[in-house]
Structures are given as structure tokens and as C-alpha cells.
Amino acid sequence: LASLEELRGLTSMGGDLRIYRNNNLVSLVGLGNVTSVGGDLEIEGNANLTSMEELGSLTTVGGNLRIYKNDNLASLEGLGSLTTVGGDLQIYVDDNLASLEDLGNLTSVG
């Protein structure tokens, strides 16, 4: 999978959003209108994903937020509007990620 552009009309999800092991995916273009995910948001094993900028409208994840093993992810820029994670917040094995400063508006986890 190289693109999520066909999802550009999506504004919210009642369940989970899982983006797994898409080595051709470099961005989350297409998810720019999503304001909430009712379940878990898991972004895992996308070796060439460099940015989360397209998640700039996201304010709420009802379940867990898991960002794992995205080898080229250098920033969480795009998650600056996120205020609430209803479950666990897990960020690990993202070796190029240098800072969590883009989560500065997060006020509630779990």
C-alpha cells in the first residue's frame, strides 16, 4: 500500500484504525480530516513512513494509541491537536524519533 488518499472523505471512525507494515507508505495523506478514532489507533512497521503531519485534525483516540517500529519516523508532528487517549499510549522502537514535544496538548491518557 503506497497511499491512503482514497480515505480523504473520512472524518471519524467508530472502531479501530490500524496501519500495519506498508513499506511503500511514506505519509498519511488522506487522513487529514479525521478528528476522532473511537477504538485503537495503531501505526506499526511502516518502514518508510516519515511523517504524521496529516493527522493534524485528530483530537481524540478512544482506545489505545500505539506507534511502533516505524524506522524512518523522525517526528510526531501532526499530533499537536490530540488531547485525549482513552487507553494506553505506547511509543516504542521508533529509533529516529527524537522528541515527544508534538504531544504537548495531550491532557488525558487512560
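Modeller: Buried means under 20% relative accessible area, exposed over 50%, and partly exposed in between. The model is predicted.

Biologist: How many salt bridges does the count come to?
Modeller: Side chains of opposite charge can pair when their charged atoms come close. The rule asks for a side-chain nitrogen of Lys or Arg within 4 Å of a carboxyl oxygen of Asp or Glu. By this rule, the number of salt bridges is five.

Biologist: Which residue forms a salt bridge with Asp 16?
Modeller: Asp 16 has a relative accessible area of 34%, so this residue is partly exposed. Its closest N and O atoms in the bridge are 3.0 Å apart. The partner is Arg 18.

Biologist: Is Arg 18 buried, partly exposed or exposed?
Modeller: The relative accessibility of Arg 18 is 43%. Between 20% and 50%, a residue falls in the middle class. Arg 18 is therefore partly exposed.

Biologist: How many residues apart in sequence are the parts that Glu 42 and Arg 18 tie together?
Modeller: The side chains of these two, Glu 42 and Arg 18, meet in a salt bridge at 3.3 Å, N to O. Glu 42 lies in strand S4 (residues 41-44), and Arg 18 in strand S2 (residues 17-20). The separation in sequence is therefore 24 residues.

Biologist: Is Glu 42 buried or exposed?
Modeller: The cut-off for the lower class is under 20%. Glu 42 has 9% relative accessibility, so this residue counts as buried.

Biologist: Where does Arg 21, the salt-bridge partner of Glu 44, lie?
Modeller: The closest N and O atoms of Arg 21 and Glu 44 are 3.8 Å apart. The pair links distant parts of the chain, 23 residues apart. Glu 44 is in strand S4. Arg 21 is in the loop between S2 and strand S3 (36-37).

Biologist: Which of Arg 21 and Glu 44 counts as buried?
Modeller: Arg 21 has 64% relative accessibility, so that end of the bridge is exposed. The other end has 9%. The buried residue is therefore Glu 44.

Biologist: Which residues are joined into one network?
Modeller: Some salt bridges share partners. Arg 18 pairs with Asp 16, and also with Glu 42. The network joins Asp 16, Arg 18, Asp 40 and Glu 42.

Biologist: What is the relative accessibility of Asn 46?
Modeller: Asn 46 is found in the loop between S4 and strand S5 (60-61). Among the residues it touches are Ile 19, Tyr 20, Arg 21 and Leu 25. Asn 46 counts as buried because its relative accessibility is 0%.

Terms used:
Residues numbered from 1 in each chain as written. Predicted model: local features only at pLDDT ≥ 70, side-chain atom pairs only at ≥ 80, totals over all residues. Heavy atoms only, no water. Buried < 20%, exposed > 50% of the residue type's maximum accessible area, 1.4 Å probe, protein only. Helix = DSSP H or I, 4+ residues; strand = E, 2+ residues; numbered from the N terminus. Contact = heavy atoms within 4.5 Å. Lists of a residue's contacts leave out its neighbours within four places in sequence.
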